[in-house]
Amino acid sequence: MSTAMNFGTKSFQPRPPDKGAFPLDHFGECKIFKEKFMNCLRANHFESALCRNESKEYLECRMEKQLMAHESLEKLGFRDLINEKSEAKNNS
């Protein structure tokens, strides 16, 4: 017999999604950033390394709109872009 018929033994416990799974942007709150990123990918033959600024902006928007958990940009692999931004401000 199948164990699926043992209803009384364990109940399903929902858990939050794994890292990398996040809600869809149903209201298009970050659509502009997504389109900018996708256009960059198309223009650069889908070489994501060439669209890192656009990717960073898109993820920042998603975090601001609570469409994904807040995460340090350094942990997301944008440490070099953060340093460039702060150096440009210091040189102004």
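Colleague: How far apart are the end C-alpha atoms of residues 30-64, and what makes up the span?

Modeller: The two end C-alpha atoms lie 10 Å apart, and the span is 74% helix and 0% strand. Helices here are DSSP runs of H or I with at least four residues, strands are runs of E with at least two, and both are numbered from the N terminus. UniProt lists residues 30-64 as "domain: CHCH", in an unreviewed entry. UniProt positions follow the numbering used here, feature names are shortened, and annotations may be inferred rather than shown by experiment.

Colleague: What kind of model is this, and which residues count for local features?

Modeller: This is a predicted model, in which local features need pLDDT of at least 70 and side-chain atom pairs count only at pLDDT 80 or more, while totals for chains, interfaces and linings use all residues. Residues are numbered from 1 along each chain as its sequence is written, and side-chain values use heavy atoms, with hydrogens and water left out.

Colleague: Where is confidence lowest and where is it highest?

Modeller: On pLDDT, the predictor's confidence in each residue from 0 to 100, helix α3 (residues 79-91) is lowest with a mean of 62, and helix α1 (residues 31-43) is highest at 96. The protein chain averages 80, and 65% of the residues score at least 70.

Colleague: Why is the link between Cys 30 and Cys 61 called a disulfide?

Modeller: A disulfide is a pair of cysteine sulfur atoms within 2.5 Å. The sulfur atoms of Cys 30 and Cys 61 are 2.0 Å apart, and the pair forms a disulfide. Cys 30 is in the segment before α1 and Cys 61 in helix α2, so the bond ties together parts 31 residues apart in sequence.

Colleague: What makes the disulfide of Cys 30 and Cys 61 left-handed?

Modeller: The torsion about the S-S bond of Cys 30 and Cys 61 is about -90°, so this disulfide is left-handed.

Colleague: How many disulfides does the whole structure hold, and how are the bonded cysteines paired?

Modeller: A search of the whole structure finds 2. The other one joins Cys 40 to Cys 51, with an S to S distance of 2.1 Å. Cys 40 is in helix α1 and Cys 51 in the loop between α1 and α2, 11 residues apart. Numbered in sequence order, the bonded cysteines of the protein chain pair as 1-4, 2-3.

Colleague: Are Cys 40 and Cys 51 buried or exposed?

Modeller: Buried means under 20% relative accessible area, exposed over 50%, and partly exposed in between, with a 1.4 Å probe and protein chains only. Cys 40 has 11% relative accessibility and counts as buried. Cys 51, at 0%, is buried.

Colleague: How is the length of helix α2 judged?

Modeller: The expected span of a helix is 1.5 Å times one less than its number of residues. Helix α2 (residues 52-64) has 13 residues and reaches 18 Å from its first C-alpha to its last, close to the 18 Å expected. Its buried residues include Leu 59, Cys 61 and Met 63.

Colleague: Which residues make up the largest nonpolar core?

Modeller: Such a core is a set of buried Ala, Val, Leu, Ile, Met, Phe, Trp, Tyr and Cys residues joined through side-chain atoms within 4.5 Å. The largest has 6 residues: Leu 59, Met 63, Met 68, Leu 73, Phe 78 and Leu 81.
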